[in-house]
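Colleague: Please take a close look at the pocket linings of this model. Set them against the relation between the copies, and then add a few separate local details.

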Number of protein chains: 2
Amino acid sequence: MVSKTKNKKVVVVGGGTGTFVVLTALRDYSVELSAVVSMADSGGSTGRLRDQYGVLPPGDIRRALVALSDTSQTLRSLFNYRFSSGDLRGHNFGNIFLSALEKMTGNFSSAIKVASKILNIKGNVIPVTLNNTMLYAQLASGVIIKGEANIDIPKFDPTIPIKKVWLEPLARINPEATRAILAADMIVIGPGDLFTSVVPNLLVGGVAAAIKRSKAKKVYVCNLMTKFGETHGFKAQDFIDTIEKYLGRGILDYAVFNNKKPSALVLERYLKENSHFVETSGLRNNARKTKFISANLLDVGNFVRHNPKKKLAKVLISLLN
Amino acid sequence: MVSKTKNKKVVVVGGGTGTFVVLTALRDYSVELSAVVSMADSGGSTGRLRDQYGVLPPGDIRRALVALSDTSQTLRSLFNYRFSSGDLRGHNFGNIFLSALEKMTGNFSSAIKVASKILNIKGNVIPVTLNNTMLYAQLASGVIIKGEANIDIPKFDPTIPIKKVWLEPLARINPEATRAILAADMIVIGPGDLFTSVVPNLLVGGVAAAIKRSKAKKVYVCNLMTKFGETHGFKAQDFIDTIEKYLGRGILDYAVFNNKKPSALVLERYLKENSHFVETSGLRNNARKTKFISANLLDVGNFVRHNPKKKLAKVLISLLN
């Protein structure tokens, strides 16, 4: 749409619904989109497929593929279709698709290529690593939790903050991800579950270094709401501090925050899940080079999410030009 | 290849591997191919999907789609890929694909259309009926067997011949099948499991009438081997008699038989499954208008099957011209 953005390359780093929102935001612009996607997911259908078939986690890849797909609504819906009963209960068609192809070809990347062709995707979906690895978290209490799914659905006291996260075994960056990051004009990190979707990318050996080396503008998009067991009690400052802890200081050019509070009615529903609005009060960028951008990014509706096309896209595209 | 056959329309009626062979035989010729496929399958992955999701049987449709597919070997193999363990154990990817789409859209025909597009099929794959129905068999002893899978894998004395087969509830022909049959230049019935793949098409209300009404040349291709529990002790004469029992007398223009016996070594292996060579001795077409064609149709190899491209195709194409 905007001719100045023609052919500019944007890499979105994350996983889950946050990345879906950013990809949806940018897909109508004339930019070359790549999604670098976390491989830490171990819950639900994805977790069972990993356990039973030894495959890489398909769920986040599937979401990114659907976000970038330019095909019939039927086919896009099929990839997200979830069986609610029977042998296939809880499994998602797109996950089955990717796992069957990976089992058959022994190659996750070529499975993604086949799916990309069928879904006619505009852009690239790239697993951050091709190593089969597991996310671990240590809480401030010392307790160690194994597996993304167990961090996400905490069995321990979810008010105890996460002290650190890491991958075991160590994982190396997918060379395709390196190439995309180095060639990018803009890298967008987040939003998404901080410790289970966004940071796991930065834990992969070579990712932070590639981002640092890239001449791209580097942008962090902060979450709108906290997540119990993961970012409970976090303010905007804690989000950016965590990202910098794993990415390195002074690397981000921009951090984008939402300053519009959802309605009391909507917030009340989120309270049931102990999820709170991320406050930007007290935000200080001190001597950092990072420019903080505070804007109304809120979507109208029952869910607290970034408005992709009207609000988030405008901010990101303005930073790109 | 043969210019005279250009644009001629061939409809193959059957199901299972027999239909796969005929489609494979004819796909390299310049003919418009349609497969009218039995909907009686109730075993294995297909049976479980039918039971658990209330869908129409996808297995035979999948085989016909793959036979007509003009796409990468990867995608064709994917549709036939079978999970050997885990939640998806025994399920076939192509079956899952068709069933997910049918569940999602509520429409088996449109599921086939979507799969046809993805697999880039040359021709049409048409379920003989869109009614959800079940195959029954009554043995000569009076015993009634419910379900294709139970006839196929007999629990009763497999030497007792099948007296008759029928569908419950009654099924009506898919209008798309009527159109294909009426527009055909040639209709090829069989080969394939006689009572569980071929005849079930003729049990669908309107099929025999449409074939009779069609101006097409009507050809029956007889099986090479008998099947225990289904056609035990059958000679070629019994096959053609059974087809005529359900199709009607004097409708077939040609019946094609193989006269080349496999090697003793190969036959010995089939003996373990009580499967015998179909003898053409004593074959009489009496006052029938049907012309009997006896030829060497045997493929070279460990399996007794029709040689599709070199032998079967030549006979069928010669009848078409």
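**Copies, pockets and local details**

Modeller: Chain A superposes on chain B by a rotation of 179 degrees with 0.0 Å of shift along its axis, at an RMSD of 0.0 Å. That is the relation of a two-fold axis; the fit is by least squares on C-alpha atoms of residues with pLDDT of at least 70 in both copies. The model is predicted, so local features need pLDDT of at least 70 and side-chain atom pairs pLDDT 80 or more, while totals for chains, interfaces and linings use all residues. Residues are numbered from 1 along each chain as its sequence is written, chains are lettered from A and ligands numbered from 1 in the order written, and side-chain values use heavy atoms, without hydrogens and water.

Of the interface residues of chain A, 100% are also interface residues in chain B, so the copies meet through the same surface.

The largest pocket (an open set of 1 Å grid points that a 1.4 Å probe fits, with protein on both sides within 12 Å along at least five of seven lines) has a volume of about 1300 Å³, taken as the space filled by probe spheres set on the points. It is lined by 40 residues, lining meaning an atom within 4 Å of a point. Nearest its centre lie T17(A), G18(A), G192(A), D193(A) and K227(A). Six helices of chain A each give at least two lining residues: α1 (16–26), α2 (44–53), α3 (59–68), α7 (148–152), α9 (194–202) and α12 (264–271). Helices are DSSP runs of H or I with at least four residues, strands runs of E with at least two. By class, this lining holds 11 nonpolar, 17 polar and 12 charged residues; Asp, Glu, Lys and Arg count as charged, Ala, Val, Leu, Ile, Met, Phe, Trp, Tyr, Cys and Pro as nonpolar, and the others as polar.

The second largest pocket encloses about 1000 Å³. Its lining has 38 residues, with T17(B), G18(B), G192(B), D193(B) and K227(B) nearest the centre. The elements that give two or more residues here are α1 (16–26), α2 (44–53), α3 (59–68), α7 (148–152) and α9 (194–202) of chain B. The largest share, five residues, comes from α1(B). Nine residues of this lining are nonpolar, 18 polar and 11 charged.

Next, helix α6. In chain A, where α6 spans residues 108–118, the helix is mostly covered, with eight of its 11 residues buried (under 20% relative accessible area, 1.4 Å probe, protein chains only). These are F108(A), S109(A), A111(A), I112(A), V114(A), A115(A), S116(A) and I118(A). The buried residues of α6(B) are F108(B), S109(B), A111(B), I112(B), A115(B), S116(B) and I118(B). At the start of α6(A), a side-chain oxygen of N107(A) comes to within 3.0 Å of the backbone nitrogen of S109(A); at the start of α6(B), N107(B) reaches to within 3.0 Å of the backbone nitrogen of S109(B), likewise with a side-chain oxygen. After α6(A) comes N120(A), with a positive phi near 50 degrees, and just after α6(B), N120(B) has a positive phi of about 50 degrees.

Last, N307(A) sits in the loop between β10 (291–295) and α13 (308–320) of chain A. N307(A) counts as buried, at 12% relative accessibility. Leaving aside neighbours within four places in sequence, N307(A) is in contact (heavy atoms within 4.5 Å) with L297(A), L298(A), D299(A) and L312(A).

Technical notes: Buried means under 20% relative accessible area, exposed over 50%, partly exposed in between (1.4 Å probe, protein chains only). A polar contact is a pair of N or O atoms within 3.5 Å; within protein, one must be able to donate a hydrogen and the other to accept it, and residues adjacent in sequence count only if both atoms are side-chain atoms.
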